[in-house]
Amino acid sequence: MTESASIRVQALQKSFWDESRGEVQAVDGIDFDCHEGEVFGLLGANGAGKTTTLRMLATILKPTGGRASLNGYDVLTEPESVRRSLGFYSATTALYPRLTGRETLEFFARINRYPGDQVAQRVETLIERFGIAEYADARVEKLSSGMKQKISIARTIVHDPPVLIFDEPTVGLDVMAALEMQHVIRELRDEGKCIIFSTHIMSEAEKLCDRIAIIHQGRILALGTLEEHRQATGQHYLEDIFLHEVMAVEGSA
Amino acid sequence: MSRKRSGDRRVLATLFQYEIKRLLRDTRMILIAVVAPLVLFPFIIFVMRSVERSEQRRLVETVYEYVVVGDEAEWGREIVAGALQLEANDPDTSRARVRFEEQQVSDPEAALSSAQIHLVVEALSPESYETIRAAEAAADTTGGGEDEADGTAGEEEDPPELPTLRLRYRGQSDFSRNASTRLGSRIVELRSQLRDSVYASRGFLVAPGLIASVETENTASAEKEGGALLGLALTPFLLLLMLTGGSIMAVDAISGEKERGTLETLLTTAAARSDIVTAKLLGIVVVGIAVAVVNILNLLVYLVLGVVELPENFAVALSALDLVLLLILFLPLTLLISSALLLLSGYAKTYKEYQIYFFPVFLAFLVPSLAGMLPGMDLRSAIALVPIAGIGVAVREIMVGEYDWLFLLLAFSSTGGAAWWAARLTERTLSTERLISQSDLDEADLVGGPALFPRHVLRWFGVMWVVLLIVSLWFGEDLGVRGQVLVNLVFIFFGGSLLMIRHYGLEARAAFALRPVHPLVWLAVVIGAPAGYIVGIGLAELVNTYVFPVPQSVLEAFGDTLLGDQMPLWQLLLFLAIMPGILEELAFRGVLLHGLRKVFGPVGICLMVGAIFGIFHVSLFRLLPTAYLGVVFAAVVLLTGSIFPVMLWHFANNAIGLVPAHMGWVTEETVVPWWAYALGLLGLLVALALIWSVRTPYPDLKKKRPETFE
Amino acid sequence: MDWRDIWILYRHELRSALRERAIVVNSILMPLFLYPVMLWVMLTALVFVTGLSERTSSRLVILDVPAAHTVLMDTLQARTNLEIREDVVSADSAATLIRVGELDALMEFLPPEADARGMDDNFQVLIRYDRAVERSRRARDRVEGIVAGYRRRWIEREASALGISDADQQQFRIIQDNVSSGQQMGALLMGVMIPLFLVLMVALGCLVPAIDSTAGERERSTWETLMTVSASRLSVVTAKYFYVATLGILAGVLNVAAMFVSLGAIVGPLLADVGAGADAFQFSLPLLALPVMIVAAIALALFFAAAMMILAAFARTFKDGQAMVTPVYWLAMLPIVLGQQTDQTLTPAIAAIPVANAARMIRDAINGVFIWPLIAETLAVLLVMVAACLLLARAVLQFEDLMIGSFDGSFWRFAKERLMGKRAREGTR
C-alpha cells in the first residue's frame with residue numbers, strides 16, 4: 001500500500017552563474033520522495049547541494065531542470081500553494097527585531113492564510129505549547145537566543161502546514177537547545193507531518209531520521225533507512241557509511 | 001490562479017500594516033530622519049540669512065573711495081560731482097544712499113590692485129584714450145574686459161572723437177564692483193540729462209527720451225506671478241522630500257531585511273512575490289508622502305514665524321482643476337521614485353551599500369527635475385518626452401495657468417511609462433539568486449576571461465565616453481579637427497578596443513568580426529550608402545525641426561570645424577571618412593557589439609549599439625542621426641557577421657557628406673526634394689533586403705533559454 | 001605605539017576598503033564620472049533651450065499704427081521671429097488672449113503724452129505682456145529692441161537736420177573696465193565654490209568609512225577578531241583612524257579635481273555664449289595653492305574622522321551609527337557659511353573657528369593670498385581640535401565594555417554615566 005507522497009522530487013537540477021567559476025551545477029539530478037509522518041534526512045558536507053535543494057522545494061529558487069511537488073502542488077506552477085503547505089526553518093532565517101513574539105506569530109499566521117478569526121486562538125495555543133507566555137509581549141531584539149529559537153519554531157508551524165523543512169536547524173545551538181529542537185521535530189513527526197531535515201551532524205541524523213539520503217556534489221549517492229545503508233556499505237556508524245559512499249565516488253572520479 | 005480573492009487583499013493589508021508598524025518603532029531613525037531636520041533647518045537658515053543680511057549692510061554702509069585721474073581730471077570731477085548730486089537727491093527713499101569719497105594717491109593703479117581704493121575714475125581726452133588703449137593692447141594686459149556702462153555693445157563704425165570716462169574697478173571685489181555699478185549708473189543718468197538739455201537747447205521740441213517712448217504693462221496677476229515662482233521650485237522640492245522620506249522606508253525594505261536575514265523568512269511564506277513587492281512599494285510611497293507633507297507644513301510654520309520670508313506681493317491661487325492636475329502629474333513621479341528606491345534597495349546587499357548608492361540615484365532624479373527652472377524651457381518640445389523633466393516643466397506651466405493638454409498628456413505618459421516599467425522591474429528585486437550567491441562583492445580582482453567581458457563592456461565604454469568628453473571640452477580648441485580625430489579615434493576608440501581585447505583575452509578576429517562576406521553584400525553597400533545618406537539628411541531635418549531645434553551658432557560652429565580649417569580634400573577624407581570608417585567601426589560594431597551579443601536579442605543589440613554610438617557624438621543635434629546610422633550598421637553586421645561591409649558603408653557615407661560640400665556642388669542653401677527622400681528610403685530597403693537574402697548571421701548570439709523560468 | 005603594527009593594520013583596512021565595490025564606486029569612480037556627465041547634461045540642456053528660444057516666434061498683435069510710421073511696421077513684419085496676427089482688432093480681446101497664453105504681446109500705438117506732443121508724428125507705444133510667462137517676456141524684449149532702434153534712427157535724422165553734431169549728441173563715453181585678469185576672475189569663482197565643496201566632500205568621504213570601521217565592524221562581528229590580535233588596541237584604533245582620514249582626503253581631492261576640470265570646461269564656453277569674452281574667466285590655480293589645499297584637506301579629514309568615529313563607536317549597527325553621526329555632520333557644515341563672506345581674507349577671529357578657518361584659508365590660497373601666520377593659526381586650531389578628539393577617544397577607550405562592543409547606548413548616555421563620574425549602570429548586554 002503506497003502512502004501518498006507529500007514531497008516528490010524527480011531529476012531536479014539547479015545551475016548558477018558564478019563570477020569566478022562560470023556555470024556551476026549545484027544540484028545535478030536528484031530524486032526522492034517524502035511521506036507523511038516521516039522524517040527524511042538530507043546528509044552531506046557544506047556545498048553539497050542540501051540547502052539549494054531545500055530552497056527549491058520552498059520555491060525560493062527556481063529549478064533549471066526536473067520537477068518537484070509538495071503536498072500535490074508543483075513548485076514551478078503553483079508556488080504560493082506550495083508555500084502555504086510548508087513551514088520552512090533555517091538557521092539563517094531571522095525574526096523581525098522590533099516586533100514582539102506574539103506579533104510575530106500573528107503576522108506569519110495571517111500572511112500564510114490562516115483563517116483570520118482563528119489566528120488569536122492559534123497563537124495562544126502555541127505560546128502555551130512552547131512556554132513563552134512570560135515574554136511573548138517583549139520585543140524580539142531584547143530576547144536571548146534560546147527564546148528567539150522557540151519563537152522561530154513556533155512561527156514555522158503557526159499556520160499548521162503539513163510539510164516542514166528544517167535546514168541545519170541546530171547550527172550554533174548549545175547542547176540543551178539542540179536537544180530541545182530534536183524533541184520538537186519528533187513531536188511534529190508523531191503528529192503526522194512530513195519533515196525534511198538536513199544536517200551535516202551524523203549523530204542527529206542517526207537519531208531523528210527515518211530515511212536518509214546522502215548527498216554529494218549535487219547528487220544523491222545513496223538513499224534508504226539506516227539499516228539499508230548499513231547493509232549496502234557494510235559499515236555501522238553513519239559517519240563511516242557516509243565516508244564510504246563519498247570515497248566510492250571520489251575514488252572513481 | 002485568481003488574484004482577486006479577498007485572501008490576497010488581506011495578505012497585502014497585513015504585509016503593509018506590519019511594514020508601517022515596524023518603521024514606527026524605529027524611534028532613532030525617525031528622530032534623525034524626520035525630527036532633527038525640522039529642528040536644525042530653521043537654525044541653519046537663520047544663520048545663513050543673518051550672514052547674508054550683514055553682507056548687504058556692509059555693501060551699503062561702506063564709504064567708497066575713489067581717485068580721479070587723467071588729462072581731463074577736472075572735467076571728470078565735475079561729472080562725478082554731478083552724479084553724486086543725483087544720488088543724494090534721489091526721491092526714492094527706500095534705497096539707502098551710497099557714499100563716495102575722493103582720495104589722493106600717488107599710484108592709482110597700485111592702490112586699486114591692493115584694495116586701498118575701490119575705484120579709479122579716468123577722465124581722458126580722445127587722444128589720450130587712444131594712446132592708452134594702444135599701450136594696453138601692446139602689453140596685452142586687458143583683463144576682464146571693457147564694457148559700455150549703458151549696456152550697449154561697442155558699435156562697429158568709427159565712433160566720434162569723444163572724451164571718455166573710464167571707471168576702473170577690481171572685478172574680484174564685490175565692493176569695487178558695486179562702486180563702479182552705482183557710480184556708473186548715476187553717471188549714465190547724468191549724461192542723459194546733459195544730452196536732453198543739448199537737444200532741447202538746439203531745437204528739439206521734445207526731450208529725446210519722450211520720442212517713441214515705450215511703456216510696458218504687465219497683464220499677469222500677482223497670483224500668476226506667484227504661481228510662476230512657485231512652479232519653478234515645486235517639483236525639485238517635492239522630489240527631494242520624497243526621495244529622502246521614501247528612503248527611510250526603502251532602506252530597510254529589502255537591503256535591510258537581506259542583511260538581517262528576515263527576507264528569506266518572508267519569502268517562504270504563502271504571500272505572493274507581487275504582494276510583498278506591492279506592500280513594500282506602498283510603504284515607500286506612504287512614508288515619502290508623509291515626510292513631504294510634514295516638511296511642507298513645517299515650511300508653512302516657518303513662514304508664519306518669519307524665519308523664511310516670501311517676496312513682496314507674493315500670492316498663489318490654484319483652482320480645483322489645477323490641484324487635481326498637479327496630483328495626477330505627481331502620481332507617476334511618486335511611483336517612479338518609489339520603484340527606483342525599491343530597486344536600489346534590492347540591488348544593495350546591505351544598509352551601507354544602499355547609503356552609498358543613494359547619492360547618484362538622488363542626483364539622477366534631481367537634475368532632470370530642474371528642467372522647469374531653465375528659462376526658455378517650453379513644454380511644447382521634446383522635453384515632454386523626457387521622464388521627470390517633462391513633469392517638472394508641466395508643473396510649472398500649470399502653475400501659470402497654461403494647459404496644453406496634448407503635451408501634458410505626453411509628459412504624464414513618458415513619466416508614467418518609466419514608472420510602470422520600473423515597477424515591473426521591482427519584482428526582480430526579490431530575485432533570490434543573489435540571496436545565496438556564494439561569491440562576495442569583491443570585483444576588484446578581475447579574474448578575467450572572455451566570459452566576464454559582456455558584464456563589463458558597458459562600463460569600459462562609459463569610461464571612454466567620459467574621457468572623450470573631457471578631452472573635447474578641455475582641449476578641443478587647441479587640438480583642432482585633426483588633433484581631435486587623432487585623439488578620439490586612435491587613442492580612445494582604437495586604443496580602448498585593443499586594451500579590452502588584451503585584458504579579457506578576446507580573440508581579435510571574433511571581437512572585430514573580421515570575416516569575409518558574400519560578394520553581393522558589396523553591391524548592397526554601394527546602393528545602400530548613398531540611399532542611407534539621403535535618409536539620414538531627412539532624419540536630421542525632421543529632428544531639427546520637431547525634436548531638438550539647433551541654435552544657429554552651434555550649426556555654424558559645426559560647419560566651420562568640418563570645412564573651415566581649409567584642409568585639402570585628401571586630408572578631409574583621411575580624417576573624417578577613412579579613419580572613422582575603420583576605427584569607429586572596430587570599436588562599436590566590433591568590440592561593443594561582440595560584448596553585447598549575448599546580453600540582448602538582435603533588435604536590442606541594434607538599438608543599444610546605435611544609441612551608444614549616438615551618445616558618443618556628444619552634441620544633442622547629432623545624436624539621433626548618428627544613432628540611426630549606428631542602428632543600420634549594427635543590423636548589417638548582425639546579418640553578415642562581418643565588419644568589412646560597414647567599414648565601406650561608413651566611409652562612403654561620410655565621403656558623400658564631405659566631397660560635394662568641399663567641391664561647392666552643394667551649399668547650405670541646397671534643398672533636397674521630397675522624392676529624393678523616397679528614393680533614398682527605397683534604396684536603403686533594397687540594400688537591406690539584398691543583404692538579408694545572402695545573410696550569414698553573426699555567430700554565437702544570445703539563445704533563448706529552453707523554458708522560461710524567470 | 002608600534003608604528004609597524006599600525007602600518008600593517010592600516011594597509012589591511014585600506015585594502016579591504018578598496019576591494020569593496022561600493023566604496024570604490026562611491027569615493028573614486030563617482031566623482032570622476034559624475035561631474036563630466038552632469039556637465040554634459042547641463043550643456044545639452046542649454047543648447048536645447050537656446051535652440052528652442054531661437055525657433056519660437058513671438059505672437060504679436062499691433063494696433064493703431066500711425067500712418068507716418070509704416071517703416072516701423074515693415075521692420076516688424078520683416079522679422080522672422082515675430083508672427084503678427086491680423087485677426088485681432090481690439091485691445092481687450094488681445095489682453096484676454098495674452099492672459100490665456102494664446103498671444104505673447106500686444107503693441108498699441110498711442111498718442112504721445114502732453115509734454116511729448118511738440119514733435120510731429122510723435123507716438124507712444126504701450127506693450128502689454130504677461131510677466132509670468134517666458135515667451136511673453138521675450139516678445140516684449142524683441143519689440144522693445146526694435147522700437148529702440150527705430151527711435152535712435154529717428155533722433156539721428158532730426159539731429160542732423162538741426163545740425164547737431166554727433167559729438168554734441170553723445171557728450172562723452174563712459175566705460176567700465178575690470179582690471180582683474182581672467183585668472184583673478186576665475187579664482188574668484190573657484191574661491192566661492194571650491195572651499196565649500198572640499199569641506200563637504202571631505203566630511204562626506206569620512207562619513208561612511210568612519211561608521212563602517214566602528215559600528216559596521218561590530219555588526220559584522222569582526223570587531224572582536226581585531227580585539228584579539230597581538231597588536232595593542234590603541235594601534236588598532238589608530239590604524240582605523242588614519243584609514244578613515246585617508247578616504248576622506250581621497251574623496252575630497254578627487255571631487256575637487258573633477259569639479260575643477262569640469263568648471264574649466266563648461267564655464268568658459270558658457271560665458272563665451274553670454275558674450276563675456278572667452279578670456280573673462282580663466283581657471284588656473286597658483287602653484288602654492290595646491291599644497292595649501294592638500295594640507296587643509298588633511299587637517300579637515302583628521303578632524304572629521306576623529307569626531308565621527310567617536311560618535312559612531314557607540315553604535316552597534318551601521319544604521320545606528322549613521323543616525324548618531326549625521327546631525328553632527330550638518331552642524332559641522334554651518335561654520336562654512338561664515339567662511340564665505342566676500343572680500344575678507346583670513347582674520348585672527350575667523351582663524352580660530354574650525355572648518356570656517358579652513359574654508360577661508362583655501363579661498364585665500366586660490367586667490368593667491370597667503371597670510372602665513374594666520375595659516376599657521378588655522379592649522380594649529382584644527383590640530384588642537386584633533387588632539388582634543390583623540391584625547392576624548394582615549395578616555396572613552398578605557399572602558400572595556402565599549403571596546404568589546406557590549407555597551408548598548410548612545411554617546412550622551414555614556415558621557416553622562418562615565419565621563420561625568422557617575423556610577424556606571426549595568427546597561428550592557
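**Notes on a three-chain predicted model**

1. A good place to start is chain C, where strand E3 (residues 105–110) and strand E4 (residues 124–129) run antiparallel and are joined by 6 bridges. Within this pair, Leu110(C) stands opposite Gln124(C) of E4(C). Strands here are DSSP E runs of at least two residues and helices are H or I runs of at least four, numbered from the N terminus; two strands pair if DSSP finds at least two bridges between them.

2. A word on conventions: this is a predicted model, in which local features need pLDDT of at least 70 and side-chain atom pairs count only at pLDDT 80 or more, while totals for chains, interfaces and linings use all residues. Residues are numbered from 1 along each chain as its sequence is written, and chains are lettered from A and ligands numbered from 1 in the order in which they are written.

3. The E3–E4 pair of chain C belongs to an open sheet of 5 strands with mixed pairing, in the order E6(B)-E4(C)-E3(C)-E1(C)-E2(C). Strand E6 (213–218) of chain B and strand E2 (82–84) of chain C are the edges; each has a single partner strand, so one side of each is left without a neighbour in the sheet. From one strand to the next, the twist averages 30°.

4. Two helices of chain C lie across this sheet. Helix H4 (residues 91–100) of chain C lies across strands E1 (58–63), E3 and E4 of chain C, and runs at about 155° to E3(C). Helix H5 (residues 134–162) of chain C lies across E1, E2, E3 and E4 of chain C together with E6 of chain B, at about 165° to E4(C). For these angles, axes are lines fitted to C-alpha atoms (for helices, over the stretch in contact), and values run from 0 to 180 degrees between N-to-C directions.

5. Which chains share the most contacts? Of the 2 pairs of chains in contact, it is chains B and C, where contact means that the C-beta atoms of two residues, placed from the backbone, lie within 7 Å. The B–C contact takes 102 residues from chain C and 97 residues from chain B. On the chain C side, helix H2 (residues 21–55) gives the most, with 23 residues. That side divides into 52 nonpolar, 26 polar and 24 charged residues; nonpolar covers Ala, Val, Leu, Ile, Met, Phe, Trp, Tyr, Cys and Pro, charged covers Asp, Glu, Lys and Arg, and the others, Gly among them, are polar.

6. Chains B and C also pair through another set of strands. Strand E5 (residues 164–169) of chain B and strand E5 (residues 173–178) of chain C pair in the parallel sense over 6 bridges, with Gln176(C) as the bridge partner of Leu167(B). Chains A and C, by contrast, are joined by no contact, and their closest C-alpha atoms lie 10 Å apart.

7. Chain A has 9 helices and 10 strands. Its radius of gyration (over C-alpha atoms) is 19 Å, close to the 18 Å of the globule rule for 253 residues (2.2 Å times the number of residues to the power 0.38), so chain A is as compact as a globular protein of that length.

8. The domain assignment, automatic or from a database, splits chain A into domain 1 (5–85 + 162–252) and domain 2 (94–160). Their contact takes 6 residues from domain 1 and 7 residues from domain 2. Helix H6 (residues 175–190) of chain A supplies the largest share of the domain 1 side, 3 residues.
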